[in-house]
Amino acid sequence: MKDKLKIQKVIDELYSGISGPAGFKRDWKRQESLFTSDAKMIRTFVDSNGMPQSTILTVQEYPENFENLIAGRPFYEIEIHNIIERFGNIAHAFSIYEAWSDKERTQFIKRGVNSIQLLNDGESWKVVHMIWDDERSGLTMDSKYNPAALPESSL
C-alpha cells in the first residue's frame with residue numbers, strides 16, 4: 001500500500017506540473033526529475049487519413065513540444081481515475097485524465113488514458129515510459145476506465 005501511495009504522488013506531480021493558467025511558467029526540471037534519464041513519452045493520434053500515428057519524445061524534448069501545442073493558453077489536466085498494479089520493482093498505471101481550459105472545469109477540452117510504466121530505482125519511483133491516447137469520434141473508454149461520475153464527452 002505504501003508503494004501505491006508513492007506511485008500516486010508521482011502521477012499527481014505529472015499532472016500538476018503541466019497544468020496552469022495562461023502564460024504559466026512550468027517547472028520542466030522538476031517534471032524531468034520524475035522520469036528516468038532515457039524515458040520516452042509517446043503521444044498517439046490518428047491522421048487525416050484515419051491512420052494511427054505517434055510522436056515519440058525524450059523527456060528533454062517534451063517541454064518544447066508541449067509549449068508549442070499549448071501556445072501560452074490555459075491548460076489544466078487532472079486525473080479522474082486510475083488503475084495501478086505493482087510487482088516488485090515495476091508498476092503500471094492506467095491513468096484516466098480530463099483536460100480543461102479553466103481551473104473551474106467548465107471548458108472541457110478532452111479525455112484520455114495515460115499508460116505509465118514505472119521503476120523503483122531503490123530510492124524512488126520513476127517513470128520509464130508514458131504513452132497516451134485521447135477519446136475521439138469512434139473511440140470512447142470502456143466503463144472500467146470511465147466511472148459513471150464522468151461528464152458526457154463532447155466528442
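A residue is taken as buried when its relative accessible area is under 20%. The structure described here is a predicted model. In this model E13 has a relative accessibility of 19%, and therefore counts as buried.

E13 belongs to helix α1. The helix runs over residues 2-18, 17 residues in total. From its first C-alpha to its last, α1 reaches 25 Å. This is close to the 24 Å expected at 1.5 Å a residue. E13 is one of several buried residues on α1. The others are I7, Q8, V10, I11, L14, Y15, G17 and I18.

The side chain of E13 has a polar partner. A polar contact of 2.3 Å links it to the side chain of R30. Neighbours within four places in sequence aside, E13 is in contact with R30, Q31 and L34. R30 thus appears both as the partner in the polar contact and in the list of contacts.

Aromatic side chains were examined next. The structure holds 7 aromatic pairs. One of them joins F66 and F75. Its geometry is edge-to-face, with 5.7 Å centre to centre and 75° between the planes. Both F66 and F75 are buried. A further pair, F94 with Y145, is tilted. Here the centres are 5.1 Å apart and the planes make an angle of 40°. F94 lies in strand β4 (residues 90-100) and Y145 in the segment after β6 (125-134), so this pair ties together parts that are 51 residues apart in sequence. The two partners fall into separate accessibility classes. F94 has a relative accessible area of 24%, so it is partly exposed. Y145, at 18% relative accessibility, counts as buried.

F66 and F75 also take part in a wider grouping. Together with W28, Y62 and W132 they form one aromatic cluster.

W132 leads on to the largest pocket. W132 is among the lining residues that lie nearest the pocket centre, along with R43, L69, K110 and D134. In total, 27 residues line this pocket. The space within it comes to about 520 Å³. Several elements contribute to the lining. At least two residues each come from α1, β1 (35-46), α3 (62-70), β5 (108-120) and β6. β1 gives the most, with 5 residues. Helix α1, which carries the buried E13, is thus also one of the elements that supply the lining of the largest pocket.

Conventions: Residues are numbered from 1 along each chain as its sequence is written. This is a predicted model: local features need pLDDT of at least 70, side-chain atom pairs count only at pLDDT 80 or more; totals for chains, interfaces and linings use all residues. Side-chain values use heavy atoms; hydrogens and water are left out. Helices (H or I, at least four residues) and strands (E, at least two) are DSSP runs, numbered from the N terminus. The expected span of a helix is 1.5 Å times one less than its number of residues. Buried means under 20% relative accessible area, exposed over 50%, partly exposed in between (1.4 Å probe, protein chains only). A polar contact is a pair of N or O atoms within 3.5 Å; within protein, one must be able to donate a hydrogen and the other to accept it, and residues adjacent in sequence count only if both atoms are side-chain atoms. Contact means heavy atoms within 4.5 Å. Rings of Phe, Tyr and Trp (its six-membered ring) pair if their centres lie within 6.5 Å; planes under 30 degrees apart count as stacked, over 60 as edge-to-face and the rest as tilted. On a 1 Å grid over the protein atoms alone, a cavity is a set of points where a 1.4 Å probe fits but cannot get out, and a pocket is an open set with protein on both sides within 12 Å along at least five of seven lines; lining residues have an atom within 4 Å of a point. Grid points are joined across faces, edges and corners, and a volume is the space filled by probe spheres set on the points.
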